[in-house]
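Please open the structure in your viewer and keep the sequence at hand, since this tour proceeds by selecting one place after another. At each stop you will be told what to select and what is there.

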Amino acid sequence: LSEVRGEGARKIGLISLNRPKQLNALNDQLMDELGHALLAFDADDGIGCIVLTGSEKAFAAGADIPVLAAHDHMSAFKNGLISSNWETILQVRKPVIAAVAGFALGGGCELAMMCDFIIAADTAKFGQPEIKLGVIPGAGGTQRLPRAVGKSKTMDMLLTSRMMDAAEAERANLVSRVVPAASLLDEALAAAQIICAMSGPAVMMIKELVNRSFEGPLRDAVQVERRMFHSLFGTSDQKEGMDAFMSKRKPEFKHGS
Ligand code: CAA
């Protein structure tokens, strides 16, 4: 389900995962629809930030287990189980905030970690319980979780399959903040609204650079950061932002146009 929310020149694209009976278990159809919705918002100049959420009970309880169960080694390999449609989200250049209530397990936790940051309801539970199914995470969990929470906690969670509640996830830096479940969507939309009002090119560059620090080698990333920093001095938003600060007024950004 996708809809436009917020006010102002640039609005928020809100996407809700909606397979409630299966706790939003992720299958190819849902990932295709999610990918299309994400790319449509990314291409829309009227959208400044995207929020991805699930239901009260589950952000997503992982890959669809009956679908996985039908595979053997060769069909998983040949069909590219966990197809590229699972990673469409990584092509999105605008920020994507995950608003997580309830279960974010397996592929659901991995999908949340592919977002730019996670705001959790106090009901959220994160885990990579694939080992209980005799498998391992297949959508980046063994790589992104240790980058977020460190080796020890990752090993503990992946090897024992235990879940992390929202308070632990905040202490471990998996999520940026925890809010009461009843205000999860409002809090995520409020954060998105603030981002929508910031200079679009600066927002996109921060996203790209922070993800580079997370996913790539440091030296290259710092060099690319320096070059992008320089390039922003060619925008009217930089002139406006700095002038507004020095004149003690609010900036009016043009988002690179
Ligand atoms: N796939 C398909 N269906 C799922 C599902 C999943 N991952 N998770 C839950 N469901 C379905 C259940 O089968 C159940 O359906 P029925 O009502 O038709 O029986 C419905 O959702 C409700 O689930 P429960 O009755 O189990 O609800 P609960 O509150 O007792 O437990 C839960 C909730 C702890 C999340 C439990 O459902 C559970 O452990 N789910 C599986 C979690 C999991 O193992 N995820 C990893 C999947 S593998 C993966 O994701 C690989 C990867 O890296 C990409």
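The stops below begin at the ligand and then move on to single residues and pairs of residues. Keep in mind throughout that this is a predicted model.

**The ligand and its surroundings**

Select the ligand first, and then show the residues around it: there are 24 of them, and the closest are Lys 57, Gly 107, Glu 110, Glu 130 and Gly 138. If you colour this shell by residue character, you will find 14 nonpolar, five polar and five charged residues. Turning to the elements that supply the shell, helix H2 (65–69), strand S6 (103–105) and helix H4 (107–114) each give at least two residues, and the largest share, three residues, comes from H2.

Now zoom in on the ligand's own polar atoms, beginning with a nitrogen atom that lies 2.9 Å from a backbone N or O atom of Ala 61. Select Gly 107 next, where a polar backbone atom is 2.8 Å from an oxygen atom of the ligand. At Gly 138, a backbone N or O atom likewise lies 2.8 Å from an oxygen atom of the ligand. With these contacts in view, consider the surface of the ligand, which exposes 980 Å² when taken alone, 63% of which is buried by the protein.

**Lysine 207 in helix H9**

Move to helix H9, which spans residues 200–215, and select Lys 207 within this helix. Is Lys 207 buried or exposed? Its relative accessible area is 12%, and because buried means under 20%, Lys 207 counts as buried. Follow the side chain of Lys 207 to the side chain of Asp 116, with which it makes a polar contact at 2.7 Å. If you set aside the neighbours of Lys 207 within four places in sequence, the residues in contact with Lys 207 are Val 92, Arg 93, Lys 94, Pro 95, Val 96 and Asp 116.

**Salt bridges**

The structure holds ten salt bridges, and the next selections visit several of them. Begin with Asp 64 and Arg 19, whose side chains meet in a salt bridge with an N to O distance of 2.8 Å. This pair links distant parts of the chain, 45 residues apart, since Asp 64 sits in the loop between strand S4 (58–60) and H2, while Arg 19 sits in the loop between strand S2 (11–16) and helix H1 (28–43). Both Asp 64 and Arg 19 are buried.

Return to helix H9 and select Glu 215 together with Arg 144, whose side chains form a salt bridge at 2.9 Å, N to O. Glu 215 belongs to helix H9 and Arg 144 to helix H5 (residues 141–149), so this pair ties together parts that are 71 residues apart in sequence. The two partners can be compared by their accessibility: Glu 215 counts as partly exposed at 42% relative accessibility, whereas Arg 144 is buried, with a relative accessible area of 9%.

Select Arg 249 and Glu 240 next, where the closest N and O atoms of the salt bridge are 2.8 Å apart. Arg 249 counts as partly exposed at 36% relative accessibility, while Glu 240 is buried at 19%. Then select Lys 153, Asp 156, Arg 162 and Glu 168 together, as these residues are joined into one network by salt bridges that share partners.

**Two residues with a positive phi**

Most residues other than glycine have a negative phi, and the next two selections should be viewed with that in mind. Asn 24, which is found in the loop between S2 and H1, has a phi near 60 degrees, a positive value. Asn 24 counts as buried, at 1% relative accessibility. Lys 248, placed in the segment after helix H11 (236–246), has a positive phi near 55 degrees, and this residue is exposed, with a relative accessible area of 79%.

**Threonine 235 before helix H11**

For the last stop, select Thr 235 in the loop between helix H10 (218–231) and H11, a residue that counts as buried at 18% relative accessibility. Which backbone atoms does the side chain of Thr 235 reach? A polar atom of this side chain lies 2.7 Å from the backbone oxygen of Leu 232, and the side chain of Thr 235 also reaches the backbone nitrogen of Gln 238, at 3.2 Å.

Technical notes
Residues numbered from 1 in each chain as written. Predicted model: local features only at pLDDT ≥ 70, side-chain atom pairs only at ≥ 80, totals over all residues. Heavy atoms only, no water. Near = heavy atom within 4 Å. Polar contact = N/O pair within 3.5 Å; in protein donor to acceptor, adjacent residues only side chain to side chain. Areas by Shrake-Rupley, 256 points an atom, 1.4 Å probe, with all protein chains shown as cover. Helix = DSSP H or I, 4+ residues; strand = E, 2+ residues; numbered from the N terminus. Nonpolar A, V, L, I, M, F, W, Y, C, P; charged D, E, K, R; others polar. Buried < 20%, exposed > 50% of the residue type's maximum accessible area, 1.4 Å probe, protein only. Contact = heavy atoms within 4.5 Å. Salt bridge = Lys/Arg side-chain N within 4 Å of Asp/Glu carboxyl O.
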